[in-house]
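Open your viewer, switch to a cartoon view and keep the selection box handy. We will go from one stop to the next together.

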Amino acid sequence: MIMERKIKLKTLNSHITCKICRGYLIDATTVTECLHTFCKTCLVKHLEENNTCPTCSIVIHQSHALQYISFDRTMQDIVYKLVPDLQKDETNREKEFYRQRGLPYPKDIPLTNGDVNGDDNHADASHAENDYHRQDEQVNLCLECISSNLKSLKRRFIRCSAQATISHLKKFVAKKVLDGIDKYRDIDILCNDELLGKDHTLKFVYVTRWRFQNPPLILQYRPRIDI
């Protein structure tokens, strides 16, 4: 016979809160070197000026600490299931952000066929009939090759979901220029000459690296350089 007992949420708080902001984890992101987890925005902001873990002070990487953090989907799912209405509240705050600025909430805007299919100068990252992110906010970007050792893309301009990550782009580039999606680890992607972490979403890159510049978001790719 299985015995059930109730556990108060406060007894779990130390495991599901960010040690930087003291709030519940949002976009839970884990340091791969020590497995400590924080809110993504909190951790990235910390690593812009430090290269150590905020909890244990271990050196993550001397020059590219952002390459050694990873989105923790399992942890985030646990937090949302344990904390009532947390995910709903985050969505409402996001909507309020756009409302206060007189902007439409991107996820409420239906896309037209033209938005999905593009034209001869723009290629979508996925076919319309298999596109499960049509209701996502979209990002227009340009992928430029900055190495003579790789081919340039025939179509440099792409429109895809703002939730797509740098890893998705690396796989896309690898498939096009290295003839194999499994070679994506051999690709680096940069913005303004800054190496981007594999779990950065395009939305995050746009807001933190391209906020005051005109679209499209310009990213560069090159063969991976180990430092």
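The tour starts with the whole chain and then moves through its parts.

**Before you click.** This is a predicted model, in which local features need pLDDT of at least 70, side-chain atom pairs count only at pLDDT 80 or more, and totals for chains, interfaces and linings use all residues. Residues are numbered from 1 along each chain as its sequence is written, and side-chain values use heavy atoms, with hydrogens and water left out.

**Stop 1: the whole protein.** Colour by secondary structure and you will find 7 helices and 9 strands. Here helices (H or I, at least four residues) and strands (E, at least two) are DSSP runs, numbered from the N terminus. Of the 227 residues, 37% are buried; buried means under 20% relative accessible area, exposed over 50%, and partly exposed in between (1.4 Å probe, protein chains only).

**Stop 2: a three-stranded sheet.** Select residues 28-31, which are strand β1, then add β2 (37-39) and β3 (69-71), the edge strands, each pairing on one side only. In which order do the 3 strands lie? The open sheet runs β2-β1-β3, with antiparallel pairing. Two strands pair if DSSP finds at least two bridges between them; β1 and β2 have 3 bridges. To see one, show T29 and its bridge partner F38 in β2. In general, strands of a sheet pair through backbone hydrogen bonds, either parallel or antiparallel.

Now add residues 40-47: this is helix α2, lying across β1, β2 and β3 and running at about 100° to β2. For such angles, axes are lines fitted to C-alpha atoms, for helices over the stretch in contact, and angles run from 0 to 180 degrees between N-to-C directions.

**Stop 3: an isoleucine pair.** Select I78 in helix α3 (residues 73-82). Its relative accessibility is 38%, so I78 counts as partly exposed. Add I16: the two are 62 residues apart in sequence, yet 8.3 Å apart in space, C-alpha to C-alpha.

**Stop 4: the largest core.** A nonpolar core is a set of buried Ala, Val, Leu, Ile, Met, Phe, Trp, Tyr and Cys residues joined through side-chain atoms within 4.5 Å. The largest one here has 27 residues, and L141, L143, L202, L219 and Y221 have the most contacts inside it. Helix α6 (166-177) is among the elements that give two or more residues to this core, and α6 provides its largest share, 6 residues.

Show L219 as sticks. Residues up to four places away in sequence aside, L219 touches ten residues' worth of neighbours listed here: C142, L143, E144, L169, I189, L190, C191, L196, L202 and V205. Contact means heavy atoms within 4.5 Å.Apart from this core lies another, of 23 residues, among them I26, L43, V44 and I60.

**Stop 5: strands beside β5.** Select β5 (138-145). β5 pairs with β6 in the antiparallel sense over 5 bridges, and L141 stands opposite I158 in β6. With β9, β5 pairs in the parallel sense over 5 bridges, and C145 stands opposite Y221 in β9.

**Stop 6: helix α7 and the loop before it.** Pick T201, in the loop between β8 (194-195) and α7. Is T201 buried or exposed? Its relative accessibility is 17%, so T201 counts as buried. Leaving aside neighbours within four places in sequence, T201 is in contact with K40, A162, Q163, A164 and T165.

Finish in α7, where L202, F204, V205 and R209 are buried. They sit on the same side of α7 because they cover an arc of only 160° around the axis, the arc being that of the directions from the helix axis to the C-beta atoms.
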